[in-house]
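Colleague: I am new to this structure and would be grateful for a close look at a single part of it, namely the sheet of chain A. Please describe how its strands are arranged, and then place that sheet in its wider setting.

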Amino acid sequence: MVMASLTRRLISHYLMYSLAGLLVCISTALTLTWRDAFMQSVALAAIFPLSVLLLGTVLLGRAVRNSESIERQLREISTSASVIETLQPLVSGEVTAIGWNRLVEQLQERRTLEMLESRLTGSMNSLESKRWEILFDSLPDGIAVCDDHGVIASVNNALVALLQAKTKDEIHGRSIVDLLAASVASDSDAGLKRLRTVPGPVICEVCRTSNLMDGVWRVHRTCLLTGQSHGESMLWIVRDVTQQKMAEEMRNQFVFTATHELRTPLANIKAYAETLALDETIDVERQKGFFNIINAEATRLSRFVDELLNVNQMEAGAISISRHDTNIARLLEEVVEYQQPQIAQQQIIFTQTVPPKLPELRIDKDKVAAALANILGNAIKYTPLQGHVRLLVEVDSAFVHFHIEDTGIGISQEELPRLGQKFFRSNDSRVQAITGSGLGLAFTREVAKLHGGNMVVQSELNKGSRVTLSLPLD
Amino acid sequence: MYELSKQGAVHIVSGRVPMAAEYVQMALHVFDNCFGHGQPHIVLHMQGIPLLDSAGLELLLDIRDRCLHSGGAMQLASPNALCRDILRATGLLDHFAVFDDVSSAVGSFAQ
């Protein structure tokens, strides 16, 4: 049908051109006949139809070529998988060619749009997947997706850091319980036991060592929502709660210590005050004694409250120091003098080695005196009867070092790092038997820091301790 | 210079010199000691740091990114007025949690 209409059009075009040519020839011949130019008119009569024939052939050829090209491309489409790549535009001004070219152009535009859409969808999917990956890795809690046996399928960066691994590959495919156990000093940790023995969802805490500072993790194991793929059925969340646990312990310590330190003197004050109020038979000397006790207990209470406020304010940066040029030798004399009653009571053998010429230091005299008194007081307090306490002062190019050594009960290496923490007191029963607020060394450490110095404690259990307070020369 | 101390599980880095190009390597060396022990929780105590330059700012961002990569965090404590202005002018103030004192900064990790 296509061919028939094409043929009809071709024939009609040819006839049209031929007729036009013939008319031109006839009119030319008639005109020239009158000019009596027979040869010219024969030549003209011969050239014109020939020209017209030639023109008609060229135009016909072009039309036929366009039709052939379109027909060929349509044939190729029927056998080719890709329609768009098969189609080629035609170079021609013919109406059919123009129509064909428009068709090809639209098909190519559509193809380009489809490709762009496909690429965009692919990029968005990839971005979405990457976004979730970024979210997963940005979480501060350690997350692992594991199978029923606790073998890790996926893990985020936070868990890699918690387990002190370098890369995710180090952890993939390994048992999460084994990895947690490797970070814990004791296999008998209660949390680990629960994770090994209790199936299904579990929430527990795992302590890396008996020292809270070394790390406490809250581990939450739960089932993944439905739709999980094979090998991914449990979600593990590991959160580092060390700081929370330490804050909790400090609060408990504070409550315990404050209660004890406030209650005891208050109880004594109340008891003696009641006795004085109710018992009229007490002689004057005894009354005086009772008043002295009340006074001493009130002083103890006041000192505890002051220490507490001072340490809190220092930690908060709310206390400043008032520096003045201070004669260190005289300061030391005052501090030692203040401790003489305790030295005598404990029968301590006290020695001091102080250089003959000590530099003047620009310090807050009261605070440094209190700090030194704390250290010396502790040395005396925790040294058994007739033990040794020694004060040694050294000066180097940058610091003055006040060393206070004793042959006292010392402290274990485990507890040593915690000395100087607020309210910390050793669990040693000998220490617990002696009154103390656990604030003295915390205060001393803060004083040292405020002056740009530091406090260092060395100790050996049952052998003794050495506390060094170092203050800068300038 | 730069010193490292610990309060609980939190590393506190204190500086006494500007956080500037000539001191950045020293500071980086101190910060490096905060990593590799679990999730890094770092407080940069800036009371003694008089100013920051571009190298210092870059270091802060690097350390922050390293912390975030491990699920940890770095807080800034007690920056002086100049450091605060530098952070604000460079648009970095919103990238860090800034506290008025070390205690608050350390305490934020316990919440």
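**The sheet of chain A**

Modeller: A convenient starting point is one residue pair: Ala144(A) has Val155(A), in S2(A), as its bridge partner. The model under discussion is a predicted one. The pair belongs to a longer match, for strand S1 of chain A, residues 142-146, is joined to S2(A) by 3 bridges in the antiparallel sense. In general, the strands of a sheet pair through backbone hydrogen bonds, and the pairing is either parallel or antiparallel.

These two strands are part of an open sheet of 5 strands in chain A, whose order is S2-S1-S5-S4-S3. The pairing in this sheet is antiparallel. At its edges are strand S2 (152-155) and strand S3 (202-207) of chain A, each of which pairs on one side only. From one strand to the next, the twist averages 25 degrees.

A helix accompanies the sheet. Helix H7 of chain A, residues 190-197, lies across S3, strand S4 (216-223) and strand S5 (234-240) of that chain. The direction of H7(A) is at about 145 degrees to that of S3(A).

Chain B offers a second sheet to set beside this one. The sheet of chain B is also open and has 5 strands, in the order S1-S2-S3-S4-S5, but its pairing is mixed. Its edge strands are strand S1 (2-7) and strand S5 (97-99) of chain B. The twist here averages 25 degrees from one strand to the next. Within this sheet, strand S3 (residues 41-45) and strand S4 (residues 73-77) of chain B run parallel and are joined by 5 bridges. In that pairing, Ile42(B) stands opposite Met74(B) in S4(B). H2(B) packs on the sheet, where it touches S3 and S4 of chain B, and its direction makes about 140 degrees with that of S4(B).

The wider setting also includes the interface of the two chains. There, 20 residues of chain B are in contact with 19 residues of chain A. Together the chains bury about 1400 Å², of which 48% is on carbon and sulfur atoms. On the side of chain B, the greatest losses of area to chain A fall on Gly8(B), Gln39(B) and Ala110(B), together 30% of what that side buries. Across this interface there are 0 salt bridges, while 3 residue pairs are in polar contact. Helix H2 (54-69) and helix H4 (102-108) of chain B each supply at least two residues of the side that touches chain A. The residues of that side comprise 6 nonpolar, 12 polar and 2 charged.

Definitions and conventions: Residues are numbered from 1 along each chain as its sequence is written. Chains are lettered from A and ligands numbered from 1 in the order in which they are written. This is a predicted model: local features need pLDDT of at least 70, side-chain atom pairs count only at pLDDT 80 or more; totals for chains, interfaces and linings use all residues. Side-chain values use heavy atoms; hydrogens and water are left out. Contact means heavy atoms within 4.5 Å. Buried area is the accessible area (1.4 Å probe) that two parts lose on being put together, summed over both. A salt bridge is a side-chain nitrogen of Lys or Arg within 4 Å of a carboxyl oxygen of Asp or Glu. A polar contact is a pair of N or O atoms within 3.5 Å; within protein, one must be able to donate a hydrogen and the other to accept it, and residues adjacent in sequence count only if both atoms are side-chain atoms. Helices (H or I, at least four residues) and strands (E, at least two) are DSSP runs, numbered from the N terminus. Ala, Val, Leu, Ile, Met, Phe, Trp, Tyr, Cys and Pro count as nonpolar, Asp, Glu, Lys and Arg as charged, and the others, Gly among them, as polar. Two strands pair if DSSP finds at least two bridges between them. Axes are lines fitted to C-alpha atoms, for helices over the stretch in contact, and angles run from 0 to 180 degrees between N-to-C directions.
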